[in-house]
Amino acid sequence: MFSKLFTPKWQHQDHQVRQAAVNALNVKEHESILLQVAVEDDCAPIRKLALSKIDRLQPLKNLLEKADTVEQWLTLANRAIEIDPGYCESLSMRLQRQFIESLDEVKLLLIANTGNPDLIKPILPNLAEGLLVTLVSGAKSFELKLAALEYIQELPRLQELAKLSSHKQVIKQIKAQINRVKSVKEKQQQEMELAQSICSQLEKLASSHWDSQSNAKYHLLEARWNSLSPKTQESLQLCFSQSLSACQKCEKKNRERIEKELLAQEASVNAREVIHQLHNIFEEMKTETLANIDSQIEAFQLLKKTWLQLSLQVELDAELKGQFGSLEHDIERIISVWNQFDDNVEQMKQHFALIPQIAIEKDSELADELIEFASNWLKKWNLLIHDLAWPDEIPMPEQLNLWLNEVKKLENEVDEYLSEELKKINHLKHKINQLKNQIKRKNLIAANKIFNYVNYEKAHLTKTLNSPIDKMLEGVIPLLDELRDWHAFATQPKKQALCDAMKSLTRNDVEPLELAEKIHQLQEEWHELTSSDSNADSILWDEFKEAADKAYEPCHKYYLEQDKVRADNLRKRQSVCLLIEKFIKESSLISQKNVEQEKSDKDWRELDKKYSQWIVEWKSYQPIPVNEQKRIQKRFNQLIERIKIPLNNYKQGNLEARERLVKKAQSLNEVEEVSQAVDAAKNLQNQWKALGMTFYRADKKQWQLFRNELDKVFARRDLAKKQFLSQLDENRQLISELTKKIEQLAELSAPEILAARGEFDRLSAQWQTNLKLPRKEEKALINAFDSARKHFSRSCQLAKRQVEQQKIVNFIDLLLAANQIKLSDLAGEAQDIDGFLLQIEGDDTDYLCEELGASLVESGEKRVASSEFVEDVQTRLLDAEILFELTSSPEIKAKRMARQLALLEKGNIGLKATVKPKKWNDDFAKFLISGLPVDQNTLIAICKRWQKIIAEII
């Protein structure tokens, strides 16, 4: 109750009492009171004191929402930033939202100078330029001044600020901003001019002939337009849209035209492809032996349809039409020939089924019938072939070729048989003549042999061919019978002598083999005597045989011992057979067991070794009993054949693999890329090494062929390497010579260097960067070449500079002479103007000399240039020294500084890159010529200073 009667001290009328009371308040207990005082108290120090005691951000946020004046809001905001600096950005956004529209210069300066500068920086882009100027001129924060200055874009305001500001750094930044604004204005102006130029070029492009280059220009102009700022685009959008639309129409028409051309071109390409495929079909039908041409006919019909479609799409070239028509006619002609064959093939097939198989039998009756049948069959077949009339230039069908080959074999067999028969007849005729001669010579043994031979061979001749032989024998047989009767009477004493000789052998002690030889010899002589007489005396034969048996008894004992050796050899050969049989059963290489087991070349080599050993061993076991020879040899042959067959198959497979590798090696010569061919050759070598064994001679032959083909590849590699090294050497010599010549050009005098520029370009163009050089020297050679080119370029630039400077020096001499002529003319002295004009015409200078000569002959007021002109000339020279950043004389240092400030204000500083020295020189020379005459000493001083500037900038 009493608390309601008494006013709290923080509401006391005396501000000192209130201040003490506020100072005594505790923020934790009296936060609401402190907030009330901070907002409502009429004493600023008390409000500030209360506010400083508040240490929580949330109540300040609430008060900031309710603040209705800038001053109140600013006080609360400053305290909020002190509590949480990160809240500054949020406060800045709130300031912009609450007070941006009501801000004036006073409030703005209040915020800028009493608040945190970071509060106002975010709202600078949204402030009017007048308020920005106020900030630059009235803000205490230098940083804020500069930040505000960046958003001022009006030159009058910036120039006004420059006059009002006194701070050097601010002035400097203002001037920099002036330059930036001017640059932006110029850029905007240039961009506007560029936009107008783009529109103009688009209009011109739309009205001109449109081609591929126009299309590229159109897209380039469109890209340039898109790179412009939206503001510039907006100002000329209508003009651009109209021009762009016109260009788009032109582009569409051009695209349609190109599409038509491409369609025609594509159709032409397709037509050529159709002709190419037709040509391939024609060549295939013309050069290859085919079973049928169904696939070719199908492809031909498809290509005809394709050609018809192409003809409907575009008008094809007459030459292509002619090629197609010619190929079409040729193919249809071949098809008609094949159709005729198809019509006759059934009849030919039926006839060919009856072809006689003449493995001519020796039975003469069958031979006669076969020969006659074959002859009739061949006549009918030849008639069918004649009716078919197959052209020689077209390969016959595969079936017909097979038939003709079989018929050819038949014809050869018939001809061969008849030829052999005729040879036999001629031979028998010759034998009969020999028989006659032997009968005349009384040689019965030879005559009997020939007679028996003739009868035997005659029995195997065709009956139709026997008649000439029979006729010849009719006259010979009586003579032979007479000779036989006479010979039987003459041999009786000789037989008795042979019997006595055989009996004498039983009484002689002779070695068994020699004895057997003598017995055999006597038996042969007996046989010769009895061979001519089949009815020989049997009594003498019994006597001869008994003596031979008695004489042969010692030989019989010897041959019994030999039989034991033969039996032993037989057993050994049987053992060999058993060994081979056992091996065959157990070996995975021969038997069917372990088929999946991998069989290495080593296994086959061991088998081959055993095979050879068994052959050698078998041959060493001889002789053997004659009656067992065929049986045991047959058994051995069958066993060894079981080994030989898989062994030979393995060798044959390896041989065929070698033959395939040889063919692959032969195909390497068709590979154009040498490195690929060499790699393939090495790969083939590795494959060859991996192959197993094969037949020795065949292996040697294939290896020689393989080696020869690979040698060709490696020879190509060696040749290519030699050529490559030769090319490297040529390239090295070329770049060395070019480097030397360019270095020589670089050492020429200035005029000669400039005249040699074309020679330098020619020498530089001779070296191509894709040329190869020796790897070790490549870098050094290229560096030397580039260094020589750079040296020449530097020398050329220096020479050009010297020539330009010399031209200016010559011009200055002419300028001084012309000035002297004018001064003398003012003094009334006669001058040789014509001679001076002739000197100008002969001088190697530029067009400025013409202006100098024109100034001598022009009419007008004649007076010495005023001091203002001279001062203007000196100012131009000083501007050049400042512009090109050259040093000036010490005595004009103050004048230079003043001039720099003046140029800075005009924005003419920093434009060095935009002014070309040659243009400045020409402009200065023209200006100087326009003011002649000038005091000669003054002009000399000007020209010296001018020449010094030129020496630095050109």
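**Exercise 1. In which loop does Pro623 lie?**

Solution. This is a predicted model, so let us walk along its chain with that in mind.
- Step 1: Look at the helices around the residue. Helix H28 covers 601-620, and helix H29 covers residues 626-667.
- Step 2: Place the residue. Pro623 sits in the loop between H28 and H29.
- Step 3: Inspect the peptide bond. Gln622 and Pro623 are joined by a cis peptide bond, with omega about 10°. Most peptide bonds are trans.
- Step 4: Try another proline. The bond from Leu932 to Pro933 is also cis, with omega near 5°. Pro933 is in the loop between helix H39 (917-930) and helix H40 (936-953).

**Exercise 2. Describe the chain as a whole, using its secondary structure, burial and contacts.**

Solution.
- Step 1: Secondary structure. The chain has 40 helices and 0 strands.
- Step 2: Burial. Of its 954 residues, 36% count as buried.
- Step 3: Contacts. Take the contacts with a separation of 6 or more; 72% of them involve residues 24 or more positions apart.

**Exercise 3. Check whether the length of helix H29 fits its residue count, then look for a bend.**

Solution.
- Step 1: Count. H29 has 42 residues.
- Step 2: Predict the span. The rise is 1.5 Å a residue, and it is multiplied by one less than the number of residues, so the helix should span 62 Å.
- Step 3: Compare. The end C-alpha atoms of H29 are 57 Å apart, which agrees.
- Step 4: Look for a bend. H29 bends by about 25° at Glu641.
- Step 5: Find a side-chain pair in this helix. Glu628 and Arg631 form a salt bridge, with 2.5 Å from N to O. The two residues are 3 apart in H29, about one turn of the helix.
- Step 6: Explain the spacing. An α-helix has 3.6 residues a turn, so residues three or four places apart point the same way.
- Step 7: Check exposure. Arg631 has 41% relative accessibility, so it counts as partly exposed.

**Exercise 4. Which helices supply at least two residues each of the largest nonpolar core?**

Solution.
- Step 1: Identify the core. The largest nonpolar core has 44 residues, and those with the most contacts inside it include Leu278, Trp307, Phe341, Met348 and Trp381.
- Step 2: List the helices. They are H16 (237-287), H17 (294-313), H18 (318-352), H19 (364-388) and H20 (398-440).
- Step 3: Find the main supplier. H18 gives the largest share, 12 residues.
- Step 4: Zoom in on one member. Beyond its neighbours within four places in sequence, Met348 touches Phe341, Trp381, Leu384, Ile385, Leu388, Leu400 and Trp403.
- Step 5: Look elsewhere. Another core, of 38 residues, lies apart from this one, and Val870, Leu939, Ile942 and Ile954 are among its members.
- Step 6: Recall the general pattern. In soluble globular proteins, nonpolar side chains tend to be buried together.

**Exercise 5. Is Gln296 buried or exposed?**

Solution.
- Step 1: Locate Gln296. This residue lies in helix H17.
- Step 2: Apply the cut-off. Buried means under 20% relative accessible area. Gln296 has 6% relative accessibility, so it counts as buried.
- Step 3: List its surroundings. Leaving out neighbours within four places in sequence, Gln296 is in contact with Ile281, Glu284, Met285 and Leu290.
- Step 4: Repeat for Arg333. This residue is in helix H18, and at 32% relative accessibility it counts as partly exposed. With the neighbours within four places in sequence again left out, Arg333 is in contact with Glu393 and Ile394.

**Exercise 6. How many salt bridges and disulfides does the structure hold?**

Solution.
- Step 1: Salt bridges. The structure holds 19 of them.
- Step 2: Study one between helices. Lys895 and Glu871 meet at 2.7 Å, N to O. Lys895 lies in helix H38 and Glu871 in helix H37, so the pair ties together parts that are 24 residues apart in sequence.
- Step 3: Check exposure. Lys895, with 38% relative accessible area, is partly exposed, and so is Glu871, with 37%.
- Step 4: Look for shared partners. Lys304, Glu328 and Glu332 are joined into one network by salt bridges.
- Step 5: Disulfides. There are 0.
- Step 6: Look at two cysteines. Cys796 is buried, with a relative accessible area of 10%, and Cys943 counts as buried at 2%.

Notes. Residues numbered from 1 in each chain as written. Predicted model: local features only at pLDDT ≥ 70, side-chain atom pairs only at ≥ 80, totals over all residues. Heavy atoms only, no water. Core = buried A, V, L, I, M, F, W, Y, C linked by side-chain atoms within 4.5 Å. Buried < 20%, exposed > 50% of the residue type's maximum accessible area, 1.4 Å probe, protein only. Helix = DSSP H or I, 4+ residues; strand = E, 2+ residues; numbered from the N terminus. Contact = heavy atoms within 4.5 Å. Bend = angle between axes of the 7 residues up to and from the residue. Disulfide = S-S within 2.5 Å. Salt bridge = Lys/Arg side-chain N within 4 Å of Asp/Glu carboxyl O.
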